[in-house]
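Good morning, colleagues. I should like to take a few minutes to go through the model now on the screen.

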Amino acid sequence: MGDFNLALVIVAIVVCVLVFVFNVYLLINYQHPDDKNEAYFPKFVVVLGLTVAAVSILMLPADVANRQACRNAIYNGACKLTLPMKDLWLAVYIADAILVFFVIPFSMFYYEGDQDKSVGKRILSAMLWVGASAVVCGLVLGILYGVVGKVDFTVRHLSSATSAFPSTWTDFSSNQPCLGSSARQCSAYLAGVSSEKTWTMRTTFPEYVVALATIVGSVLFAIFGGVGIACLPLGLIFSFIRRPKAVITRSQYIKEATELGKKAKELKKAADALHQEERSGSKGRKWRKNVKAVEKELLLLEEDVKALEEMYPQGEKAETTWALTVIGYLAKLVLGVLGLIVSVAWVAHIIIYLLIDPPLSPFLNEVFIKLDSAWGLLGTVAFAFFCFYLLVAVIAGAMMLGLRLVFITIHPMKWGATLMNSFLFNVGLILLCSISVIQFCSTAFGYYAQATAAQEIFGHTLQSLRGIKYLYKYNVFQIAFVVLAGLTFIYYAAFGWKKRKPSGRFQLSS
């Protein structure tokens with residue numbers, strides 16, 4: 001067991017270092033040229049946030065492996081576990097909540113502040129906004145914790161008399177499992193409803209903060225994750241279906257480029273008008289709506305330019321460029337088909353294991369256990385992959401809804417062209433939803449992840465909190481997830497194969 005413990009600690013340290021290095025690599029390659037050698041604090045927050053999110057996802061497989069260190073013990077306290085997982089869970093998620101509700105908002109306020117102001121004024125302005133948010137959050141958390149920060153466990157009150165150790169066991173039977181008077185109840189299986197009692201206790205404040213953050217994340221996860229679990233693979237497949245079939249002629253290229261140039265001038269004119277309105281102080285609801293509309297039109301214009309460049313490659317290596325384009329779309333098809341298999345497996349598992357009572361089958365739980373028996377880490381790797389896939393689906397769902405709903409701000413992630421505010425927004429979304437992904441996975445894979453610290457926090461405590469337990473008792477988030485996934489699948493089946501048409505023009509406030 002000592003060798004196992006040492007190996008687990010070494011793997012945990014190496015994985016954390018690799019995650020940090022990989023996040024630095026992502027930041028360097030995704031950042032916008034305008035942010036190079038600038039915005040160092042937001043960059044540090046981005047790397048830290050991505051690392052915390054990735055480590056929190058990987059902690060659930062680590063929790064399972066940590067539990068296996070005592071798999072031969074009769075009870076949990078019979079051996080000393082390798083890692084103090086419950087303390088680590090609470091530490092990671094408190095750090096998660098601080099990043100989401102304080103550090104990331106401060107970074108965004110500072111980064112998006114008026115560049116004409118001095119650094120000190122921008123820091124002061126960001127601190128005032130975050131300070132006001134901290135006071136509001138503190139009051140809300142304190143009031144809620146004081147009023148309803150308790151857990152109600154439903155237990156059975158069992159009792160029995162005492163007796164000398166018998167020489168034979170003839171006095172016991174399935175009809176009389178207790179000692180002494182038959183009025184006493186000692187069998188949980190045979191005990192009546194009258195034996196049920198409610199055991200109330202106050203939860204710890206860190207666990208309550210994690211629980212409330214999980215609720216907020218669960219709402220976003222059910223919406224964005226439900227949409228993303230379908231649109232992520234189907235978007236890749238339909239992108240292959242709508243791919244350019246052949247290189248266009250030069251005259252067609254000139255015609256399309258001219259139209260895109262006209263649209264770019266219109267967007268430039270609209271952006272200048274909005275900037276003028278901002279300086280005049282008329283920043284109302286209609287102005288904000290038009291800003292979002294311009295941002296989305298600009299994103300669609302960039303996609304049109306990229307598509308035109310794909311259909312008419314130029315330069316000395318035009319043929320090579322076209323060949324790489326074809327290979328890229330084939331890769332999208334393969335990844336889309338594989339992603340569709342994973343998405344269908346996820347939805348089927350939710351229905352079979354979570355929504356149907358009693359579950360029809362352990363399904364993916366059994367698959368992970370068999371993979372573990374084939375090779376120690378294979379089931380753990382597959383388990384981590386399914387959890388990470390949900391996070392990617394959340395980002396895909398946010399992108400899809402952001403393009404189609406005006407009231408959702410879009411923050412695209414582009415290779416070599418991602419501004420820090422988009423980075424910070426997506427990192428905040430990932431951090432907020434990562435808590436819900438862990439809770440979701442610990443419930444969905446409860447058979448595989450049984451007797452872990454994560455189940456103790458997210459299973460027993462969270463599902464017994466006053467005012468919150470009914471959301472989990474009636475599977476509200478799981479049902480919303482499956483329904484939105486089904487609606488998105490229908491939407492893509494009906495409209496996904498069609499090419500996007502130009503959107504209508506937006507109206508300026510003036």
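**Overall fold and two surface-related details**

Among contacts in the protein chain between residues at least 6 apart in sequence, 80% join residues at least 24 apart. Please bear in mind throughout that this is a predicted model.

In secondary structure, the protein chain comprises 14 helices and two strands. Of its 510 residues, 40% are buried. The accessible surface amounts to about 28600 Å², and carbon and sulfur atoms account for 66% of that area.

Let me turn to one helix in particular. Helix α14 covers residues 476–495, which is 20 residues. From first C-alpha to last, α14 reaches 28 Å, close to the 28 Å expected at 1.5 Å a residue.

Which residues of α14 are buried? They are Phe477, Gln478, Phe481, Val482, Ala485, Thr488 and Tyr492. These residues lie on the same side of α14, because they cover an arc of only 135 degrees around the axis. The general principle is familiar: an α-helix has 3.6 residues a turn, so residues three or four places apart point the same way. On the other side of α14, by contrast, Leu487 and Ile490 are exposed.

My last item is a nonpolar patch on the surface, with an area of about 460 Å². The side chains concerned belong to Val334, Leu335, Val337, Leu338 and Ile341. As for location, Val334 sits in helix α8, which runs over residues 318–355.

To recapitulate, I have shown you a helix, α14, with its buried residues on the same side, and a nonpolar surface patch that includes Val334. Thank you for your attention.

Note on methods. Residues numbered from 1 in each chain as written. Predicted model: local features only at pLDDT ≥ 70, side-chain atom pairs only at ≥ 80, totals over all residues. Heavy atoms only, no water. Helix = DSSP H or I, 4+ residues; strand = E, 2+ residues; numbered from the N terminus. Buried < 20%, exposed > 50% of the residue type's maximum accessible area, 1.4 Å probe, protein only. Contact = heavy atoms within 4.5 Å. Areas by Shrake-Rupley, 256 points an atom, 1.4 Å probe, with all protein chains shown as cover. Expected span 1.5 Å × (residues − 1). Arc of directions from axis to C-beta. Patch = residues over 30% accessible without salt bridge, like charges linked within 9 Å, V, L, I, M, F, W, Y side chains within 5 Å. Salt bridge = Lys/Arg side-chain N within 4 Å of Asp/Glu carboxyl O.
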